[in-house]
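Please look through the structure below before reading on. The paragraphs after it explain selected parts.

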Amino acid sequence: MDTATVQRFIEGMKFEAERTSPREGFPSLPDIPAGRYTDPRFLELENTHLWHKSWLYACHTDQLPEPGSFLLWKKTGAPILIVRGKDNVIRAFYNTCRHRGGPLVKTPCGRLDGLVCGYHGWTYALDGTLVNLRDKRDFPGLDLSKRSLIEVRCEQFYNWVFINEDPEAQPLLDHVHPFFEYFRQFEPESWRFVAEESFDVKCNVKVLLDAFLEVYHLKSIHQNTVDRFLDHRGTTIALYRRGHSIMVTPNRRPDWQDPGTRGMRRIESATVISTRNNPSFNFYPNLVAPVDPSGVPFLLFWPTSNTSMRIECHWFAPDWGGGAPPELWKTRIANFDRILDEDLQFGPQIQESLMSPGFRGIPLSYQERRIYHWHEELDRRIGVERVPANLRVQPLLERFYEN
Ligand code: FES
Ligand SMILES: [Fe+2]
């Protein structure tokens, strides 16, 4: 992160802490229509145009350690096989045999030398090409070269692997610009996978995602945890094209350090934005990364139905020198889970409310503008002409974008 950007965030926090009203010229945000959280027609549009066409985080390269290592990934419904080839390139394919759709891999992860369909034995190389089939004489004229596995876009942000089911998608690094450059300060090539966990919650995915796009709730639900060390009134927000955003919240005391990170390796090159403040990135749509020089959870928000979701936490840290992650990580993750419990507590009750006549829409404050920004982008992804007129959000924030 260059000096000018660091300075902009620092000045932003000072401005936010001292202001007595929203930034001059900032519009009053119209209510978000309730149906965007509940109307099955809208949620179907969201499913088709957002979840099946976005760059979505899948795994870290540590989880595919050697040629033939694979993961079976089904977050958007379609079975997608992510596999490291003999050439060490990580690729993704539908786990769908080109014969009659049999599965190539049947377990969530593992290692294989080649991909053999469980149904009639068609055999594919790790790069997806069909190399052999049983009783070839009974498929006269079948051109094997035209029957490779169907590839899914698979690209990396440092050692983090993302997939996108849209073959026309913009390249990942263009899509997440300028985050690639902002992350460089953390020496991310040296970061390793620590652990992952997940929690199912009975609410629409946006109910919880919204909670991670603002700090307006700190004084209520995190009164005895996060609120003690972060000052939400100084939070500054940067909105980017393509729906991404960052919020940076100042520590109450600049020299404060999370006791849970003591004894852990820290990246010395990290800027003051993360050493004395708390930055949180939203890679649109569903990855939230509150990154610290000693480690980061990638928080992932997945719909499991219109009224239920799963939150996953994938933890990464600067290389600790080989072997299993240090024991300190158990405590750090347990501490984080306690805070996460606070965030999850109202999910099911909010969902009950959403489905009741009592829910009429969402008035968002200036502090919650990242949520409005998220919804504006959703309409762009769906194509505003497809969104029923009464469910649209008015585009208002583009003039506040950073890039
Ligand atoms: S479905 Fe794969 S070999 Fe027949
Ligand atoms: Fe929270």
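The text below goes from the metal site to aromatic pairs and then to one strand.

This is a predicted model, in which local features need pLDDT of at least 70, side-chain atom pairs count only at pLDDT 80 or more, and totals for chains, interfaces and linings use all residues. Residues are numbered from 1 along each chain as its sequence is written, chains are lettered from A and ligands numbered from 1 in the order in which they are written, and side-chain values use heavy atoms, with hydrogens and water left out.

The iron ion (ligand 2) has as its protein donors His217 (NE2), His222 (NE2) and Asp343 (OD), at 1.9 to 2.1 Å. Donors are N, O and S atoms within 2.8 Å of the metal (3.2 Å for Na, K and Ca); water is not among the atoms, so sites may look incomplete. His217 is buried at 14% relative accessible area, and Asp343 is buried at 10%. Buried means under 20% relative accessible area, exposed over 50%, and partly exposed in between (1.4 Å probe, protein chains only).

Rings of Phe, Tyr and Trp (its six-membered ring) pair if their centres lie within 6.5 Å; planes under 30 degrees apart count as stacked, over 60 as edge-to-face and the rest as tilted. This rule gives 36 aromatic pairs. Trp122 and Phe139 form an edge-to-face pair, because their planes stand at 80°, with ring centres 5.6 Å apart. Trp122 is buried at 4%, whereas Phe139 is partly exposed at 28%.

Strand β1 covers residues 56–60, and 5 of its 5 residues are buried. Strands are DSSP runs of E with at least two residues, numbered from the N terminus.

Terms used:
Helices (H or I, at least four residues) and strands (E, at least two) are DSSP runs, numbered from the N terminus.
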